[in-house]
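Here are my notes on this model, as numbered points. Please read them with the structure open.

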Amino acid sequence: DPPVDSLHPARMEVLHIPSGDVAINGVAYLPTGPGPHPVVVLLHGYPGNEKNLDLAQAIRRAGWSVITFNYRGSWGSLGQFRFGQNLEDADAVLAFLHDTSTVRALDINPDQIVMAGHSMGGWVTALTAAHHPELKGAILISAADMGKVGTLPRKQLIGLTATSMEALAGVTAESMADDLIAGSARWTFEGAAPRLGSLPLLVMTANDGLAPHVAPLVATARAKGNTAVATVHAATDHSWSDTRILLESTIINWLEDVRGSW
């Protein structure tokens with residue numbers, strides 16, 4: 001653990017982040033020591049049973065502020081869940097972190113933000129980073145290309161979405177399948193990759209069948225001249241259940257390398 005700073009202790013703050021016409025739930029994990037601190041925005045997947053909060057705590061111990069949140073209509077956040085709205089929610093979180101009152105309250109540096117996402121959150125991260133060049137980096141953990149998922153037969157999509165609805169509001173398996181199908185052409189990793197420029201990327205894959213989802217993003221980003229793409233593969237499951245220390249240490253070391261280049 002880092003030394004205790006009685007003047008600037010580590011703390012946790014509950015957040016209410018405006019998005020659309022509601023406020024979504026968030027939590028800020030704030031590190032010990034004087035700021036302003038760099039920030040990692042950590043996004044959960046679909047539906048978000050694995051929120052990687054041990055990763056949030058580990059990153060905080062390394063001196064970063066970590067922001068977690070629940071998309072509209074998920075896990076108690078107001079509104080109705082929609083895949084396309086998840087992208088809007090990520091934009092709203094970034095806008096919130098650039099607001100001067102937020103910067104003061106959380107003692108963060110809005111010019112030093114990295115976005116990280118697991119599974120569907122990796123998809124949100126990639127597509128968000130593609131139009132936020134001010135980000136300092138992006139981390140994809142077992143990322144699922146929801147544009148690619150949306151090309152599956154509707155019956156198969158209904159079967160997939162029907163198993164993960166318990167924490168989501170305002171949806172049916174059929175509505176989520178149709179949402180994915182409607183957005184599939186706009187939501188691919190390959191479409192986002194050319195707009196990632198020179199953004200530092202850490203792409204982490206596992207033995208969950210999703211490595212082919214991110215392969216086009218990695219290949220296209222490198223072909224477009226991005227030389228800051230790092231890849232790591234681990235022989236573990238989708239939730240990295242038995243490699244948590246590997247997950248945390250890899251990400252923290254990468255973050256420190258990125259911070260050292262600023």
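1. Helix 4 spans residues 120–129, and 10 of its 10 residues are buried, so the rest of the structure largely encloses it. Keep in mind that this is a predicted model. The buried set runs through M120, G121, G122, W123 and V124, then T125, A126, L127, T128 and A129. Buried here means under 20% relative accessible area.

2. One residue of that helix turns up again in the packing. W123, buried in helix 4, is among the residues with the most contacts inside the largest nonpolar core. The others named there are V41, I67, F83 and L97. This core holds 62 residues. Helix 2, residues 83–98, supplies its largest share, with 7 residues.

3. What does I67 touch, leaving aside its neighbours within four places in sequence? Its contacts are L15, V27 and A28, then V39, V40, V41 and L42, and finally V93, L97 and L106. Two of these partners, V41 and L97, are themselves listed with I67 for the most contacts inside the core.

4. There is also a second, separate core. It has 24 residues, including I59, I141, L247 and L255.

5. E50 deserves its own point. It sits in the loop between strand 3 (37–43) and helix 1 (53–61). Is E50 buried, exposed or partly exposed? Its relative accessibility is 27%, so it counts as partly exposed; the buried class would need a value under 20%. Not counting residues up to four places away in sequence, E50 touches H44, H118, S239 and R244. S119 is 69 residues from E50 along the chain, yet their C-alpha atoms are separated by 9.6 Å.

6. Now the whole chain. Its secondary structure comes to 10 helices and 8 strands. The radius of gyration is 18 Å, close to the 18 Å from the globule rule for 262 residues, so the chain is as compact as a globular protein of that length. The C-alpha atoms fill a box of roughly 55 × 40 × 35 Å along the principal axes.

7. On burial and contacts: 54% of the 262 residues count as buried. Take the contacts with a separation of 6 or more: residues 24 or more positions apart account for 73% of them.

8. Last, surface and charge. The accessible surface comes to about 10,900 Å², and 56% of it belongs to carbon and sulfur atoms. The chain carries 17 positive and 25 negative side chains. The centres of these two sets lie 4 Å apart.

Key
Residues numbered from 1 in each chain as written. Predicted model: local features only at pLDDT ≥ 70, side-chain atom pairs only at ≥ 80, totals over all residues. Heavy atoms only, no water. Helix = DSSP H or I, 4+ residues; strand = E, 2+ residues; numbered from the N terminus. Rg over C-alpha atoms; globule rule 2.2 N^0.38 Å. Buried < 20%, exposed > 50% of the residue type's maximum accessible area, 1.4 Å probe, protein only. Contact = heavy atoms within 4.5 Å. Areas by Shrake-Rupley, 256 points an atom, 1.4 Å probe, with all protein chains shown as cover. Lys, Arg positive; Asp, Glu negative; His and termini not counted. Charge placed at Lys NZ, Arg CZ, Asp CG, Glu CD. Core = buried A, V, L, I, M, F, W, Y, C linked by side-chain atoms within 4.5 Å.
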